[in-house]
Amino acid sequence: MAQWESLQQLHSSYSQQLHELYDRDGLPMDVRHYLAAWIEKQEWERAAQDLDFAMVLYQVLLENLDNQYSRFVQEELFLMQHNIRRYKQNFQRYQESPCTLAGMILWFLGKEKEILQTAHLDEQVQGLKMDQSPMNTDTHKDLERQMAGLRNEVQCLEHTLICLEEQQDEFDFKYKTLQMEVMTDKAQQLQIQTLLNKLNECRKTLLSALIRLLDSCGLLQGVLVQGELADWQRRQQRACIGAPDDVCLDRLDKWFTGLARCLVQVLKFLKKLEELMGKLSYDQDPFKQQKPLQVRAETLLRDLLKSSFVVETQPSMPQGKGPLVLRTNVQFSVKARLLVKFPELNHSMKVTVSMDRDTPQVKGSRRFNVLGTSSKALTMAESQDGGLVADFRHLTLKEQKSGGGGKVVSEISLSVTEELHVISFKTHFELPDAEVVELQASSLPVVIISNSSQQQSAWVAVLWFNMVSEIPKDVLFFANPPIAPWPVLAEMLSWQFLSSTGRGLDSSQLDMIAHKLFDKQDNYDTCQISWARFSKENTAHANFTFWVWFDGILTMVKACLEEMWKDGFILGFVSKERVKRLLKKKLRGTFLLRFSESIKDGGVTFSWVDYTPDNEPDVKSVQPFTRTDLAQIPFHEIIRNFQLMEADNVPENPLLYLYPNIPKDQAFGKYYTDKCGEESLYVKYIRTKLVFVSKEGRLEAKSPQYSDMAEGAEGAEAPPSQGELCGQTADGDAILKAAESAMNDPLLSSTGRDADGDLLALLVQGEGFNSWDLLTLDSPQIDLSFQFDCPIGQL
C-alpha cells in the first residue's frame, strides 16, 4: 500500500499528527495528496545531493502542477485552481536551489514514515490487548442498533403526541361548539362519540408505546450498567497494574448520554400527558394510569445517573511506580467523570473529594485529610475528548494526629503497605421535576506511604489486590489475602514488563519463573502462590523475596536495557541448565544474555559456548553486571569490547553470534558509539581491573576490558595498584600475594557449578602451570610481566 494511502487510514490521533506536520511551510498537503504516487516514486535522497538530478525532478514537479491545474479547470474547481497556481509560484523560489527542495520533500517523507511506524507499534501493542472477539463486536453493534431504535421510538412518540394533542383540540372545539347548541341531532352526538372513541384509542396506543419504550430502556440500562460499565471497571482495574486494556470511555459516554436523553424525553412526554389529562379526562381514561410510568422513568433515570458517575483516572503521583500508591505531602492527581454529558450541565455541578468515607476503622490504621482544591466543577474544558470531568491535579494527603477517634470495628493489625484507603467523590444532579439526586463515586483502594523506600512494598500490594480481588472496595483485603493461581500471576508479571518497556514476557520466560517458584511441574496452570510467599518470604538460597528480585530486574531493564529488551535480544529469564541446552549445539562464540538469579537488585550476564580440543562444548559465563555497572558502561559496549587472551597472547572477543545465529555487530551495531577499540570512550574505564581467566591448564591475569563491577563484592579485595607491583619486582611472595588478591575478582565460571554460577570462578584443572602474566593496559609502556615456575599445589 502506498505511504500516503496508509497515512489516510490512520486513527484520528495520528491524522492530527499528520495535519500538524503539514501545517509547516514547505510542502503543501494538497500537493502531497494530488501528486502522491509521483512523489513516492522519486529518489529524493539522491536529488538532495545531485544538482542536475534535482533540477530534473524540479522541472517535472512544475509540469505535474500544470497538469493538475488543467484538471481542476475542466472540473470547474475554482478554489483548487487558485491554490495550485499559488503553490507553483511558491516552488519557483527553489529554481536556483532544487537540492534544497529535494531535501525538504525527503524530510517530510521521513516524518511520515515515523508517524506510520509509531502507529504500527501501537497497533502491535493493541494486538496484545483484550481481544475484541466477534461476540464483543456483535454486542457493541447490537447496542448501537438498540440505541438507534430508542431514538427512533422517541421521535415516533413525539410525532404521535403532537397528533394526539391536535386530535384532542379538535374534539374539544367540536364538543364545546355543540354544547352551545342543543344536541338533538343524533348524528352530531354520534360524531362526538366517534371522536372520543378515536381519542381514547390514541391515548391507549400512546400509553402502550411509552410502556414498551420504558421496557426497552430498562433492558438497555441493565446491559450498560451490569455489562459494559462493569467490564470497563474491571479493565480499568487491570490497566492500573499494567494490562494493555482499552479504558476509553467515549463509547460508554455516548451510550449513557443517549439513554439518559431518552429517559428525560419520556418524563417530558409524561408531563405532557398530565397536561392533556387536565384539559380533558373521562371515565376509564387510560392517562389515569400514567403515574406509575412516571415513577418508573424517574427510578431508571436516577439509577442511571448514579451509575454514570465514575473515577476516570485513578489516583497517581507523577513520579510513582504506578497508580494507587500515594505518599503523604506529595501532590497527586485524580479525575472523576459523569458519563451523562448534557451541555447544560457544563460548570453547573460541583464535585467534592474526601478520604475514607464510610470505610471500616481498623485497629491502628491511619487517617488522612485531603489538602488542596477539594471542590471542582464538572466541565468539558478539562477533557481531551469532551467528557464532563472534574480533574483534581494538585491534591495532597496529610496524616491526622493520633487519637482522631472513630469506632474500631476490626482488631486486625495491618502493615503500612497493607492498609487500604478509598478516595470518595460526591456531586448532585437535579432531575426535571426539581428532585436532587446525590451521586457518589469511589477510587480503587490506594496504599499511602510516607517514605520512598516503601514504594516497592506498596506497589506489590496494589498489584496483588487488583490481580485477585473480587470486591473493588474491600479495604480489609489483606486481613486474609487470597492466593493467586499461576496463570493469573504470570499474566500480571508479563504486564509489568509490557507496560514499562513495551515488551512482555513470552511463554519460555514465564516457564522459567514458574520453575523458580514451584520447582519442576508437568503443568503449572494448577499451581498457586500465597501473598506471603510472593512478597514476604525469602526465596531458597537467597536473603530476599521473589518480588524484590523480579522488581530489581525490571528496574534495571527499564533504566539500562530497555531498547535491547524491546528488540528481543535479551532472553532474560532462562535457567543455567537451559542455557547449556541452548548453546551446546551452536557455533563457537554463540552467546546469549540472561538475568542473574542471585543478585537482589537485578543483574544481567552473558554466557557463550566454546569447544575443547576434544570438540566438547564448554559453556562459560561472566559475573553479572548490576544497574550500577550499566549506569557507567552501556551493556552493548561491554559486549562489544569484551576480550579474552587467547593463544600467543592475542586478545580475542569470544562473543561472535547472538543466539541463535545473529552476528554480534549486526544485532548490536545500532547501539554502538562511533568510536571503537582504543578510541572508545569506555575502553580506559573498562581496563581498570585485573581479571583472571584460564586456558590450557594455566591461569592468566589480564584486563578483559570488563567493567569494574566486582567492587563491593563479598570477600573481594582491591587488586594492587600499578605502582605497588612495580616496586616489588624482586619479591616473588609479594607478587603471589598480589595475584591471589586479584583472583578474588574472577572472570569465568562453568555453568555446571553447584553454586549460583553467576559469580565467575576460575577453571583450574589441578595441574602445574608455567607462568602468571600480570598485565595492565592503563600504561602499556610499563612491563609488568613476571615469570614463575611452581606447581599450583604450592600456592
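**Group meeting: an open sheet, its packing helix and some aromatic pairs**

Let me start with one bridge: Ser 354 has Ser 424 as its partner in β10. This is a predicted model, where local features need pLDDT of at least 70, side-chain atom pairs count only at pLDDT 80 or more, and totals for chains, interfaces and linings use all residues. Residues are numbered from 1 along each chain as its sequence is written, and side-chain values use heavy atoms, with hydrogens and water left out.

Back to the strands. β4 covers residues 350-355, β10 covers residues 423-430, and four bridges join them, antiparallel. Strands here are DSSP runs of E, at least two residues; helices are runs of H or I, at least four residues; both are numbered from the N terminus. Two strands pair if DSSP finds at least two bridges between them. Another bridge partner in β10 is Lys 426, which goes with Thr 352.

Now the other side of β4. Three bridges join β4 to β7, again antiparallel. Lys 350 has Ala 377 as its bridge partner in β7.

Put together, four strands make an open sheet with antiparallel pairing, in the order β7-β4-β10-β11. The edges are β7 (375-377) and β11 (436-442), each pairing on one side only. Neighbouring strands are turned by 25 degrees against each other on average, direction ignored. Helix α12 (residues 290-308) packs on this sheet and touches β10 and β11. Its direction makes about 30 degrees with that of β11. Axes are lines fitted to C-alpha atoms, for helices over the stretch in contact, and angles run from 0 to 180 degrees between N-to-C directions. Contact means heavy atoms within 4.5 Å.

Which side chains of β4 point to which face? Val 351, Val 353 and Met 355 point to one face and are buried. Lys 350, Thr 352 and Ser 354 point to the other and are not buried. Buried means under 20% relative accessible area, exposed over 50%, partly exposed in between, with a 1.4 Å probe and protein chains only. In a regular strand the side chains alternate between the two faces of the sheet.

Next, the whole chain. There are 24 helices and 27 strands. Of its 795 residues, 47% count as buried. Take contacts between residues at least 6 apart in sequence: 70% join residues at least 24 apart.

Cysteines, briefly. How many disulfides does a search of the whole structure find? Zero. A disulfide would be a pair of cysteine sulfur atoms within 2.5 Å. For Cys 262, the nearest cysteine sulfur is that of Cys 217, 5.4 Å away. Cys 262 counts as buried, at 5% relative accessibility. Cys 527 is buried too, at 11%.

Last topic, aromatics. The search finds 34 aromatic pairs. Rings of Phe, Tyr and Trp (its six-membered ring) pair if their centres lie within 6.5 Å; planes under 30 degrees apart are stacked, over 60 edge-to-face, the rest tilted. Phe 478 and Trp 531 have ring centres 4.9 Å apart and planes at 50 degrees, so this pair is tilted. The two residues are 53 apart: Phe 478 lies in the loop between α13 (455-468) and β13 (484-485), Trp 531 in helix α16 (residues 531-535). Phe 478 is buried at 4% relative accessible area, and Trp 531 at 6%.

Phe 546 and Trp 549 are also tilted, with 5.7 Å centre to centre and 55 degrees between the planes. Both sit in helix α17 (residues 546-566), three residues apart, so about one helical turn separates them. Phe 546 is buried at 0% relative accessible area, Trp 549 at 1%.
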